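Please open the model in a viewer and keep the selection panel at hand. The stops below are meant to be visited in order.

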2 protein chains.
Amino acid sequence: LQSTGKLPLQVKFLIEGEEEVGSEQINKYLPTAREKLKCDVVVISDTSQFAPGQPAITYGLRGIAYYELRLTGPKQDLHSGTFGGAVTNPANMLAKMIAALTDGQGRIQVPGFYNDVTPLSDRERREFAGLPFSEANFQQQIGVTGLSGEAGYSTLERRWARPTCDVNGLWSGYQGEGAKTVLPAKAGAKLSFRLVPKQDPHKITQSLRTFLESMCPPGITLELIDFHGAPAAITPLESPYIEAAAKAIEKGFGKRPVLIREGGSIPIVTSFQQELGADTLLLGWGLDDDNTHSPNEKFSLADFHRGIKASAYLWDELSKLTTK
Amino acid sequence: LQSTGKLPLQVKFLIEGEEEVGSEQINKYLPTAREKLKCDVVVISDTSQFAPGQPAITYGLRGIAYYELRLTGPKQDLHSGTFGGAVTNPANMLAKMIAALTDGQGRIQVPGFYNDVTPLSDRERREFAGLPFSEANFQQQIGVTGLSGEAGYSTLERRWARPTCDVNGLWSGYQGEGAKTVLPAKAGAKLSFRLVPKQDPHKITQSLRTFLESMCPPGITLELIDFHGAPAAITPLESPYIEAAAKAIEKGFGKRPVLIREGGSIPIVTSFQQELGADTLLLGWGLDDDNTHSPNEKFSLADFHRGIKASAYLWDELSKLTTK
């Protein structure tokens with residue numbers, strides 16, 4: 001409006017604050033507001049550029065299945081000398097269960113886990129391989145001297161298009177300074193799987209529960225809490241909105257965007273497809289070193305301003321397409 | 001003194017407050033005070049009766065080797081969607097390492113761990129088997145519906161005379177309510193082994209370090225902190241002090257004590273043997289359900305008073321023996 005005096009199309013804003021905890025309320029709201037929210041395409045800014053100076057359109061996201069696993073043994077903490085060796089230790093057992101979820105390289109061992117996985121196409125593997133990605137820079141950025149992951153896949157493939165099993169949190173017994181000789185009564189973990197297209201979080205929950213329960217020994221009670229799940233999402237590469245977005249980004253950033261996938265999950269993308277019948281354009285201006293979900297999270301002001309320009313051009317480009 | 005007006009022998013008191021954290025100061029002090037502390041026998045009250053109404057003399061203790069294991073991956077917590085699958089997760093790896101320390105039943109897998117283990121004698125196994133121990137009561141006491149442990153050994157053997165590997169604490173990443181999709185930068189565990197006679201804590205530390213380091217993958221830094229270690233201790237069953245103590249306990253409690261071992265560790269017993277050349281009488285009046293090292297720890301007042309009586313008789317009985 002500031003640049004041209006009038007909007008070339010109608011824009012509807014939908015703002016939610018629960019994206020990180022399963023989008024419970026918005027998923028209740030959407031089915032009640034189909035007419036009000038009717039649209040040609042959804043635009044979300046929650047992704048990153050491929051690299052500094054190299055903007056991207058993200059056409060695929062991983063899904064997620066997030067759990068809390070709680071093991072309870074004796075009714076209270078016990079003396080590890082008096083009782084150790086005869087009483088099943090929930091912390092030892094938690095380690096056994098988590099260890100059994102993956103092989104040494106991170107390939108998931110839950111029976112049936114890979115049944116529905118859509119493999120990467122040859123075209124996608126070629127395009128990923130052609131991106132200017134430096135493993136050495138990546139390692140330096142996150143501060144590690146080596147990487148590991150599922151055998152047979154590149155680092156970008158592992159991050160964007162292969163499922164994962166990551167422990168997000170662990171707790172049991174004594175966590176303070178020095179030693180305490182306690183056999184803990186409880187042990188717990190936050191645990192999540194990133195999913196790829198066609199994997200169903202509900203089926204994953206069932207397989208996981210069966211697998212964990214089959215390992216649960218005498219004297220331990222197992223509780224698996226299913227926090228939230230969302231399938232992966234893909235926007236068809238042939239969508240005319242993707243080409244419109246590419247033009248707008250090129251004007252805003254001075255560089256044509258690359259087409260990438262992203263390892264994170266934005267569950268609402270699937271809901272928009274289901275409830276509004278609309279694909280989503282994921283146009284985000286973050287960078288890999290923004291420390292998202294970590295201390296000292298940041299966002300580049302230069303990209304903030306380039307992103308504003310690209311967004312203004314986007315309404316122009318989208319208005320040139322025939323609306324439904 | 002209150003009962004008879006004079007003590008029949010000389011009693012020296014040595015009080016320490018660091019027993020739970022490795023007895024560092026007293027182990028420095030003992031070699032400097034050999035003459036001052038010279039004695040025929042040491043008496044320590046830090047053990048339990050076999051059962052309510054069944055006092056015991058504890059002639060064997062397990063040793064201990066206590067560690068903190070710290071794994072560090074990326075320089076800070078990462079987004080588990082953006083990075084998961086390509087970055088070695090320290091919490092997953094910690095679970096792998098802990099799981100590898102034992103088989104499903106708690107038999108320790110660290111190479112060489114059992115090399116020096118003194119097996120239980122046939123006499124000891126018979127005597128343990130003859131004690132009035134109810135597995136059902138034991139399970140009810142600690143609130144579990146089943147037990148597990150090293151194959152081929154009874155519950156008492158597992159508690160008193162076989163080595164163990166117990167996780168005493170675990171921590172990593174997000175431990176709060178709900179979900180946080182973080183790939184943790186660090187994961188840690190408190191970890192201890194109970195040792196049996198002839199096992200050397202220093203050799204165990206070396207074997208453990210080698211074993212853990214052999215499992216450490218690219219991108220993970222391993223730190224193993226050795227908190228404290230102490231070998232197991234045995235007082236010879238033929239010691240005349242044991243018979244003197246049995247008589248005193250019978251007078252104090254109205255019941256002859258049984259001879260048992262105990263799964264806990266009292267490292268100073270070994271130091272007294274080494275520095276003063278004196279065996280230790282372990283005469284304690286606790287009970288298995290005292291919740292030692294746990295919330296709501298207790299001690300029976302009736303046993304407190306019976307213990308006072310037994311202790312008074314003990315000086316009498318000990319004074320009848322020829323002093324060195």
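Begin in chain B by selecting α4(B) and helix α8 (residues 201–215): their axes come within 10 Å and cross at roughly 135°. Axes here are lines fitted to C-alpha atoms, for helices over the stretch in contact, and angles run from 0 to 180 degrees between N-to-C directions. Helices (H or I, at least four residues) and strands (E, at least two) are DSSP runs, numbered from the N terminus. α4(B) is therefore oblique to α8(B); angles under 35 degrees count as roughly parallel, over 145 as roughly antiparallel, 65 to 115 as roughly perpendicular and the rest as oblique. The crossing of the two, α4(B) and α8(B), is right-handed, that is, the near helix is turned clockwise from the far one by less than a right angle, whereas anticlockwise would be left-handed.

Now show the side chains. Met93(B), Met97(B), Ala100(B) and Leu101(B) of α4(B) meet Leu208(B), Phe211(B), Leu212(B) and Met215(B) of α8(B), where contact means heavy atoms within 4.5 Å. This contact has eight nonpolar, no polar and no charged residues. Ala, Val, Leu, Ile, Met, Phe, Trp, Tyr, Cys and Pro count as nonpolar, Asp, Glu, Lys and Arg as charged, and the others, Gly among them, as polar.

A word on the model: it is predicted, with local features needing pLDDT of at least 70 and side-chain atom pairs pLDDT 80 or more, while totals for chains, interfaces and linings use all residues. Residues are numbered from 1 along each chain as its sequence is written, chains are lettered from A and ligands numbered from 1 in the order in which they are written, and side-chain values use heavy atoms, leaving out hydrogens and water.

Next, keep α4(B) (residues 90–101) and add α4(A) (residues 90–100): the two pack at about 115°, with axes 7 Å apart. α4(A) passes α4(B) in a left-handed crossing. Ala95, Lys96, Ile98 and Ala99 of each chain, A and B, make the contact, which divides into six nonpolar, no polar and two charged residues.

Then display both chains whole. How is chain B laid on chain A? A turn of 180° and a shift of 0.0 Å along the axis achieve this with an RMSD of 0.1 Å, superposing by least squares on the C-alpha atoms of residues with pLDDT of at least 70 in both. That is the relation of a two-fold axis.

Finally, select Arg162(A) and Glu150(A), which form a salt bridge with their closest N and O atoms 2.9 Å apart (a side-chain nitrogen of Lys or Arg within 4 Å of a carboxyl oxygen of Asp or Glu). Arg162(A) lies in the loop between α7 and β5 of chain A and Glu150(A) in the loop between α6 and α7 of chain A, so the pair ties together parts twelve residues apart in sequence.
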